[in-house]
Every structure is written in C-alpha cells, then in structure tokens.
Amino acid sequence: MELQSLKNRFGIIGNSPGLNHALNVAAQVANTDLSVLINGESGVGKEVFSQIIHALSARKHNPFIAVNCGAIPEGTIDSELFGHEKGSFTGALSEKKGLFEIADKGTLFLDEIGDMNMEIQARLLRVLEDGSFYRVGGTEKKKVDVRIIAATNKPLKELIEQGLFRKDLFYRINTIHITLPPLRERKEDVVL
C-alpha cells in the first residue's frame, strides 16, 4: 500500500523520516506472523500502528483485541488473558474465555507490556512458544493461533537488567521492532 493512502486511511498526519520509516516497517511486516514490539512514549500512536499491522494482514477478518496490561488489576490479569473455569476461584460463577481464546486466528495487542508481572510473563512466554495454555483452574489444554503485537513506553532492556522483565520474553516479542518518535522529534510535522 502506498504510504500516503495508508496515512489517509488511518488518520496519520506527518511526513518526517522517522514516522515514514515506522509506517514502512509496519506495512512490510503486516503480512507475516512475526511478533512486533512497538516502542514509544504515551500518545505517539502505538495502538494505531498495531491496528495498521492487523488491517494489512491476512488476519484482518479475524478479531483484533487490545488490552492495556497496566490497567488490569494484578489479581485478575491471569483470568483476563487465559480465561477461567467455573468455581476456580471465589466469584468464578461460570466459565469464561480469556482474551487469547477470543483473539484466536486474529491479533492480540498487549499494550504496556512492561507493566506485566514476572509470573504472567512466564505464562505468556509459554503461549508464545507453542500456542497452548490452560485456563485458570482448568485441566484441558487450549490451543490458539494468535499474532502478538506488544507495545511499551518503558526501557525493557533496563527492566531486564533490574530483573523486572524476562529476557527470553523480550526476544520472543521483539522479532520486529518499531520505534515511534514523539512529535517534538518530528519538527517538520509541526504546523504553526
């Protein structure tokens, strides 16, 4: 897809080299199933770029699910991502599909992945390795085909050094890396 028509379709304004490079990478990687890590400050359009990748992919007719990993309370993120069985914990009155099951054959956008705790990172790594997981309280192995796009505004390499982010997970989600520059670094895109 031509760059300007891509910008028009997704409401992207600007023509700086950094922005154009990020769009080109997103368009090129869209038709693969490679995991993508999008880095950038809050407000630079990480979710829009994940939607571009999904919309240009072979998965475009399947679900696109976005989840802010930092906004889900720590005690419920396991259930949100992987689902749960009836009676698996207090308040689990029925079985519930998790976001991985809902996004099957589609794309799961994990925003603010740097906010995810180490235990959930380990479970996420397992799903990324072979596409399988267990619901909370479940004994039946579930299998899904989900493309992962992750985003963060945090320096994941520093978090790895501090023991707060798994190195193996970083390499799994960082197959393709896109950095979105903030507007202050795109002076040619500022109209006065």
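The following exercises, each with a worked solution, concern a predicted model.

**Exercise 1. The order of the sheet**

Determine in which order the 5 strands form the open sheet, and state which strands are at its edges.

Solution.
Step 1. Strands of a sheet pair through backbone hydrogen bonds, either parallel or antiparallel.
Step 2. Begin with β6, which covers residues 147-152. Strand β1 (residues 36-39) is joined to β6 by 4 bridges, and the two run parallel. Strand β3 (residues 107-111) also pairs with β6 in the parallel sense, over 4 bridges.
Step 3. Continue outward from β1: 4 bridges join β1 to β7, again in parallel.
Step 4. The complete order is β2-β3-β6-β1-β7, with parallel pairing. The edge strands are β2 (64-68) and β7, each of which pairs on one side only.
Step 5. From one strand to the next, the twist averages 15 degrees.

**Exercise 2. Partners across the strands**

Identify the bridge partner in β6 of Val36 and that of Phe109, and find the residue of β7 that Asn39 stands opposite.

Solution.
Step 1. Val36 has Ile149 as its bridge partner in β6.
Step 2. For Phe109, the bridge partner in β6 is Ile149.
Step 3. Asn39 stands opposite Thr179 in β7.

**Exercise 3. The surroundings of β6**

Decide whether the residues on the faces of β6 are buried or exposed.

Solution.
Step 1. A residue is buried if its relative accessible area is under 20%.
Step 2. On one side of β6 are Arg147, Ile149 and Ala151, and these are buried.
Step 3. On the other side are Ile148, Ala150 and Thr152, which are buried as well.
Step 4. Both faces are thus covered, and the count for the strand is 6 buried residues of 6.

**Exercise 4. Two crossings of helix α2**

Describe how α2 meets α1 and how α2 meets α3.

Solution.
Step 1. Helix α1 comprises residues 3-10 and helix α2 residues 17-29; their axes come within 11 Å and cross at roughly 90 degrees. Angles of 65 to 115 degrees count as roughly perpendicular, and α1 and α2 are therefore roughly perpendicular to each other.
Step 2. Leu3, Leu6 and Lys7 of α1 meet Asn20, Leu23, Asn24 and Ala27 of α2. By class, this contact has 4 nonpolar, 2 polar and 1 charged residues.
Step 3. The axes of α2 and helix α3 (residues 46-55) come within 8 Å, crossing at roughly 35 degrees. This crossing is right-handed.
Step 4. In this contact, α2 contributes Leu19, Ala22, Leu23, Ala26 and Val29, while α3 contributes Phe49, Ile52 and Ile53. The contact of α2 with α3 has 8 nonpolar residues, no polar and no charged ones.
Step 5. In relation to the sheet, α2 lies across β1, β6 and β7 and runs at about 150 degrees to β7.

**Exercise 5. Accessibility of two residues**

Classify Lys7 and Val190 as buried, partly exposed or exposed.

Solution.
Step 1. Buried means under 20% relative accessible area, exposed means over 50%, and partly exposed lies in between.
Step 2. Lys7 lies in helix α1. Its relative accessible area is 2%, so Lys7 is buried. Leaving aside neighbours within four places in sequence, Lys7 is in contact with Ile12, Gly14, Asn15, Asn20 and Leu23.
Step 3. Val190 is placed in the segment after β7 (176-179). Its relative accessibility is 40%, so Val190 counts as partly exposed.
Step 4. Val190 and Leu164 are 26 residues apart along the chain, and their C-alpha atoms are separated by 37 Å.

Methods: Residues numbered from 1 in each chain as written. Predicted model: local features only at pLDDT ≥ 70, side-chain atom pairs only at ≥ 80, totals over all residues. Heavy atoms only, no water. Buried < 20%, exposed > 50% of the residue type's maximum accessible area, 1.4 Å probe, protein only. Pairing = 2+ DSSP bridges. Axes fitted to C-alpha atoms, helices over the stretch in contact; angles between N-to-C directions. Parallel < 35°, antiparallel > 145°, perpendicular 65-115°, else oblique. Contact = heavy atoms within 4.5 Å. Nonpolar A, V, L, I, M, F, W, Y, C, P; charged D, E, K, R; others polar. Left-handed = near helix turned anticlockwise from the far one by under 90°.
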